[in-house]
Amino acid sequence: MKLRATLDSGSRQAYRHLEHGFDAAFDAANPWRHLGALAFLFLCLVLATGTYLYVVIDTSVLGVYRSIGDLDRAPRSLGGLMHSLHRYAADAFMLVTLLHLGRELLLGRYKHFRAFSWLTGVPLLGFAFVSGVVGFWLKWDQLAHFSVVASAEWLDALNLFGVPITRNFLSVATVSDRLFSLFIFVHIGAPLLLIFGLWFHLQRLAAADVFPPLTLTLGSCATLLALSLLAPVASAAAADLSLIPAALAMDWFYLWPHLLMYATSAQTLWALAALLAIALFLLPLLPGAALAAAAAVHPEHCNGCRRCVEDCPFAAIVMVPNPKAKTQLAQVLPELCARCGICAGACPAASASRASGFVTGIDMPEAPLATLHRELQRGLERIGERGVVVFGCGQGAATGQLASAEVAAFSLNCVGMLPPSFVDHALRNGAAGVLVAACRPGGCAFRMGDRWTAERLTGVREPKLRTGFEPQRLRLVRADCGEEETVASALAEFRRALEQPAADNKLSTRMASNV
Amino acid sequence: MSDLPKYLAQALLYGAFALFIGVFSSWPPYHQLQPDQALIKLSIKHHGKLIAECRQRSAEELAKMPANMRQAADCKRERSPVAVEVDIDGLAAYRHLAEPSGLSKDGASTVYQRFVVGAGPHRLAVRVNDDARIAGFNHQREEAVTLVAGHVLVIDFQGEGITLQ
Ligand code: HEM
Ligand code: HEM
């Protein structure tokens, strides 16, 4: 167990380095942070180009090879480009889908409230494989023949069908137009199932990141277009069922299971596929750390404003009629709740400066805002006028070791749990400045925490900060888990800046660009 | 700070992505057979003979039956399994008894097997027994074949005999 944990955190750390490297080049359009959206983009490309191909080519056994050949002979014409784009987008789709799966796996994002997204993702992978493999059959070249026979041998190994399917592919004469229509039916049907499944896949995610940022969209499309122009896809020789070609140009994104089968046996491939499916489906059930208590609504302080509903990243809050008032009341669905506390940060009732004591409409029972409020109060008394308050993220860079005589540091479960009123309160009650350390853009373990925090603090999103203090007294720094150094140096620099006369304008610009 | 290094890095990474997709969409090639090999596929789908002779019903028996079911022959539906043997160059390559399909064992027996062999001349002997009531084999075929590299030879059972294509 210990070893596994060490390996886990080691590989996560290594992955974060990779992601941070890409941050430097791509900023918010970092492809690693948008893999699901990229998969969707490539799926859209495949659907669009596939529809074009379906309209222009002759989809009969005898016509299809010739008509795709016609496209290939003019690789830079519209038809030729569509053919190449369809293939390359399909390959890219499989690649990023696998990376998307791998990333969720590596970051441990498959349990509890994420089990639904995970479990609905697994069949998508199956549909993607079926779509892709059958796509190769439609070309009816030697590669198609190889893949058809290998697939038929695989299916026959189960002995489900009275008649072995392989017998359909012994000679060209046995392949009928009807059989070919079936291939087309499957090739179009599986993507439709995939889209249907995708709808479920995204059900439990609020504001799902479905479309990559514009620059990433344009960059990815341009890349595939350039590849299609520079290296157009070519078909192999026409299928001749009585010959096996000496070498086949192999597509390693979709067709590798065939090779695995020939290297082992059809039965082995079935066993491996079944094991993989079982493992993927059972993964969310694996024992792990228990979750804390779900967010809890305090009905007497909930005014029915819906802000928690809008900010909850996992659609775990619904509004129900309030039995005691005309307004509505928030209700948490505990099995969907991620325990992030982003809802508490969204609650306008969480006012830190109320004379009658701290209240909030929604809170985390095991780490309530009331406790943070008390500690903040004590911290403010301790650090005095030159002091700085640091609010950090329990999932991001640790901030505990920053505490000193003049620094009060607090770590929230997620920085998104911080109600902006706490920042106001700190600034109005003696702190010289407030430093908020959020994860890097798109790096939130709960999807939205870093983004909502930045938007709340810049006044783009409710609840907003009260204005009336000098903007340079607040700074937002971005640092993921493991980047404690970044926060420490940001703090040191912030404190130096606070010592300077307030007239230093550059600071406020820096603050704006930081956010 | 100039954004140029950023754009260069992006271009490089997009290029690497394109290279990865472009390369592994067709390379490395796969060699199903070595350059000097050929393939023999044994693929048979054949209904074995009925396991029991049909019995002729007597006139009285027929009279007792409902009019729509009166058929002179009373046949059991179960079929013989099909035994298949293949020898290549005098060596036993395959021995199999294929049971008939279907719950009442009234369907076809099927056999599918691939043999990778060296290109060149081979002696093939194929024996089939589709009748459980007789011993030995009621269909046999021996043939000398010369296989070109990459060629697929299909052994089948069609009509009343073993075919090589
Ligand atoms: C998940 C979705 C899909 C995937 C992964 C996929 C994948 C593929 C692949 C890998 C090929 C072989 C390409 C080649 O090497 O030439 C192919 C061919 C083809 N696909 Fe799709 N496809 C998808 C959806 C569609 C749809 C929705 C249509 C039609 C409405 C379509 C129409 C075609 C046609 C007509 C061909 C044969 C022409 C050709 O080879 O380019 N595809 N597909
Ligand atoms: C077929 C292709 C797939 C597409 C197009 C796709 C797309 C997406 C998208 C757009 C999101 C939302 C990301 C966000 O807003 O944070 C997402 C989330 C997710 N996907 Fe997929 N997905 C696919 C396949 C899979 C597979 C195969 C798995 C794993 C078995 C998977 C597991 C997940 C999980 C666990 C989440 C939730 C992430 C989170 O809560 O932070 N997906 N997917």
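**Exercise 1. Determine whether A:H201 is buried or exposed, and describe the metal site to which A:H201 belongs.**

Step 1. A:H201 has a relative accessible area of 13% and is therefore buried; the classes are buried under 20%, exposed over 50% and partly exposed in between, with a 1.4 Å probe and protein chains only. The model is predicted, so local features need pLDDT of at least 70 and side-chain atom pairs pLDDT 80 or more, while totals for chains, interfaces and linings use all residues. Side-chain values use heavy atoms, without hydrogens and water; residues are numbered from 1 along each chain as its sequence is written, chains are lettered from A and ligands numbered from 1 in the order in which they are written.

Step 2. The iron atom of ligand 2 is coordinated at 2.0 Å by NE2 of A:H201 and NE2 of A:H100. Donors are N, O and S atoms within 2.8 Å of the metal, or 3.2 Å for Na, K and Ca; water is not among the atoms, so sites may look incomplete.

Step 3. The angles among the 6 donor atoms run from 86 to 179°, and the site is octahedral (six donors, opposite ones over 155 degrees apart and all others between 65 and 115).

Step 4. A:H100 sits in helix 4 (residues 78-106) of chain A and A:H201 in helix 7 (residues 177-201) of chain A, 101 residues apart. Helices are DSSP runs of H or I with at least four residues, strands are runs of E with at least two, and both are numbered from the N terminus.

Step 5. A:H100 is partly exposed, at 22% relative accessible area.

**Exercise 2. Which residues coordinate the iron atom of ligand 1, and where in chain A do they lie?**

Step 1. NE2 of A:H86 and NE2 of A:H187 coordinate the iron atom of ligand 1, at 1.9 to 2.0 Å.

Step 2. A:H86 belongs to helix 4 of chain A and A:H187 to helix 7 of chain A, so the pair ties together parts that are 101 residues apart in sequence.

Step 3. This site is octahedral, with angles of 85 to 179° among its 6 donor atoms.

Step 4. A:H86 is buried at 16% relative accessibility, and A:H187 is buried with a relative accessible area of 16%.

**Exercise 3. Characterise the interface of chain B and chain A.**

Step 1. Contact (heavy atoms within 4.5 Å) involves 33 residues of chain B and 42 residues of chain A.

Step 2. The buried area is about 3400 Å², and carbon and sulfur atoms give 65% of this area. Buried area is the accessible area (1.4 Å probe) that two parts lose on being put together, summed over both.

Step 3. The interface holds 3 salt bridges (a side-chain nitrogen of Lys or Arg within 4 Å of a carboxyl oxygen of Asp or Glu).

Step 4. In a salt bridge between the chains, the side chains of A:R167 and B:D156 meet at 3.1 Å, N to O. A:R167 is in the loop between helix 6 (142-156) and helix 7 of chain A, and B:D156 is in strand 9 of chain B. Both A:R167 and B:D156 are buried.

**Exercise 4. How many salt bridges are found over all chains, and which residues of chain A are linked in a network?**

Step 1. The search of the whole structure gives 41 salt bridges.

Step 2. The network links A:E19, A:D23, A:R33, A:R103, A:R440, A:D480 and A:E483.

Step 3. Within chain B, the side chains of B:R55 and B:E61 form a salt bridge at 3.3 Å, N to O. B:R55 is partly exposed at 41%, and B:E61 is partly exposed at 29%.

Key. Four donors count as tetrahedral if all angles lie between 85 and 135 degrees; four count as square planar and six as octahedral if opposite donors are over 155 degrees apart and all others between 65 and 115; anything else is irregular.
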